[in-house]
Amino acid sequence: MGTSAKQYFTGAGEVFEIPGAENTSYLYFPIAGETGIKSSIGPNLAGDSKVSQEEFLLEPTSVENLHNNKNSRNFWVEIAGEGVWSATGGSAEQESKKFTDAQEASAVKAGFMWHTSTRNSQQYKLSAEITLFVPVDGKTEVSFVRIKNESDQEKKLTLAAAIPIYGRSADNLRDHRHVTSLLHRISTTENGVLVKPTMSFDEKGHRMNQNIYYVVGAEGSGAAPKASYPTVASFIGEGGSFAHPRAVYEKLDGVAAGASFQGEEAMGGLLFEEKTVPAGESVSYVVLLGITKDEAEIRAQLDALGSEEKACRKLEETKEYWQKKVNVGFSTG
């Protein structure tokens, strides 16, 4: 596991595959639609998501951040009576086992505007498949997560999506970072977390903000999350970190819909109901990230994508769309 992995293409060269991708430095992949959201994805789902230089949903990222930062997209699984596992490999425990015989098997498979990471835990007898894509209209980034019980006994699993919301201009990363967090107005809904800063400002000026930055989700069946972790402080906890968050390890309840917070760094933390998963069976989840000026658009995106059936259908439509575009480009090039 500690050696460099071999990269290769499959099919007619449209699909890129690499086993042990987390052992390859500076690897990332783009996903985008025809308009709107543009995202970058690393093997452990690090990377950013934005509409423009002034509108970053996730914290701006360079290739150096792929290994330096721990505030990446993450999906945590608490296994009753056994422990906690990151489906992206993003825990402190998993990081400590890299380049040893205990490192987990993982891989990345990606095509035009879609990215799938897989991971298998021998310790917990679980596997994860996480596919990210942006529908052609470009209004939201979709994460489709499937967790499978690979053991011969049922397991009780609780999943928590954990996606820090940056919600401001890229310039604010090193210019007014703390002050702009004070402008955050955070609210929880039935399906997740919304952030609408009061203003957007930097050295170029001060402007009233109209953008709503959001992370919302649903179970594969379409059921809403149980609760939310709407701020970084509520998720990582006192003395915690994104690689070892107290909310997950201490099984904190989170907050219900209708809560509001202000002046803090925002967190798209979604806590789902515990599921009893029979041997060989799976559970699935859909998480949507986006930027909009109309809150009704968030409901529309959930209605269109907020279940396993809807997300998988949209994924196939997206793949088909881009494949046709690529084939036309090859034939006319």
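Biologist: Let's start with one residue. Does Lys-155 count as buried or exposed?

Modeller: Lys-155 counts as buried, because its relative accessibility is 8% and buried means under 20%. Keep in mind as we go that this is a predicted model.

Biologist: Lysine carries a charge, so I'd like to know about its partner. Which residue forms a salt bridge with Lys-155?

Modeller: Here is the general idea: side chains of opposite charge can pair when their charged atoms come close. In this structure the partner of Lys-155 is Glu-82, and the closest N and O atoms of the two are 2.7 Å apart. The pair links distant parts of the chain, 73 residues apart: Glu-82 sits in the loop between strand 7 (74-79) and strand 8 (83-86), and Lys-155 in strand 13 (residues 155-165).

Biologist: Is Glu-82 buried, exposed or partly exposed?

Modeller: Glu-82 is partly exposed, at a relative accessible area of 41%. Its partner Lys-155 is buried.

Biologist: How many salt bridges are there in the whole structure?

Modeller: The search turns up 20 salt bridges. One of them joins the side chains of Lys-139 and Glu-297, with 3.9 Å from N to O. Lys-139 lies in the loop between strand 11 (126-133) and strand 12 (140-149), while Glu-297 belongs to helix 6 (residues 295-305), so this pair ties together parts that are 158 residues apart in sequence. Lys-139 is partly exposed, with a relative accessible area of 39%.

Biologist: Now for a pair within one helix. How are Glu-309 and Arg-313 placed in helix 7?

Modeller: The two are four residues apart in helix 7 (residues 308-332), so about one helical turn separates Glu-309 from Arg-313. They form a salt bridge, and 3.7 Å lies between the closest N and O atoms. Glu-309 is exposed, with a relative accessible area of 58%, whereas Arg-313 is partly exposed at 42%. Elsewhere, Glu-22, Glu-104 and Arg-119 are joined into one network by salt bridges that share partners.

Biologist: While we are in helix 7, what can you tell me about Glu-316?

Modeller: Glu-316 lies in helix 7 and is partly exposed, with a relative accessible area of 46%. Try comparing sequence with space here: Glu-316 and Pro-135 are 181 residues apart in sequence, yet their C-alpha atoms are 9.9 Å apart.

Biologist: Let's turn to strands. In what order do the strands of the open sheet run?

Modeller: To read a sheet, list its strands in the order of their neighbours. This open sheet has four strands in the order 3-4-5-6, with antiparallel pairing. Strand 3 and strand 6 (55-56) stand at the edges with a single partner strand each, so one side of each has no neighbour in the sheet. Further in, strand 4 and strand 5 (residues 49-52) pair in the antiparallel sense over two bridges. Ser-39, for example, has Ser-49 in strand 5 as its bridge partner.

Biologist: Which residues are in contact with Ser-40?

Modeller: Ser-40 is in strand 4 (residues 38-41) and is buried, with a relative accessible area of 11%. If you set aside neighbours within four places in sequence, Ser-40 is in contact with Tyr-28, Phe-29, Ala-46, Gly-47, Asp-48 and Arg-73.

Biologist: Tyr-28 is on that list. Where is Tyr-28 placed?

Modeller: Look in the loop between strand 2 (15-19) and strand 3 (29-32). Tyr-28 counts as partly exposed, at 46% relative accessibility. Together with Tyr-26 and Val-63, Tyr-28 makes a nonpolar surface patch of about 290 Å².

Biologist: Let's zoom out. How many helices and strands does the chain have?

Modeller: The protein chain has seven helices and 23 strands. Its radius of gyration is 19 Å, close to the 20 Å that the globule rule gives for 333 residues, so the chain is as compact as a globular protein of that length. Along the principal axes, the C-alpha atoms fill a box of roughly 60 × 55 × 35 Å.

Biologist: And what share of the residues is buried?

Modeller: Buried residues make up 51% of the 333. The accessible surface comes to about 14,600 Å², and carbon and sulfur atoms account for 51% of that area. As for contacts with a separation of 6 or more, 66% are between residues 24 or more positions apart.

Notes: Residues numbered from 1 in each chain as written. Predicted model: local features only at pLDDT ≥ 70, side-chain atom pairs only at ≥ 80, totals over all residues. Heavy atoms only, no water. Patch = residues over 30% accessible without salt bridge, like charges linked within 9 Å, V, L, I, M, F, W, Y side chains within 5 Å. Areas by Shrake-Rupley, 256 points an atom, 1.4 Å probe, with all protein chains shown as cover. Salt bridge = Lys/Arg side-chain N within 4 Å of Asp/Glu carboxyl O. Buried < 20%, exposed > 50% of the residue type's maximum accessible area, 1.4 Å probe, protein only. Rg over C-alpha atoms; globule rule 2.2 N^0.38 Å. Contact = heavy atoms within 4.5 Å. Pairing = 2+ DSSP bridges.
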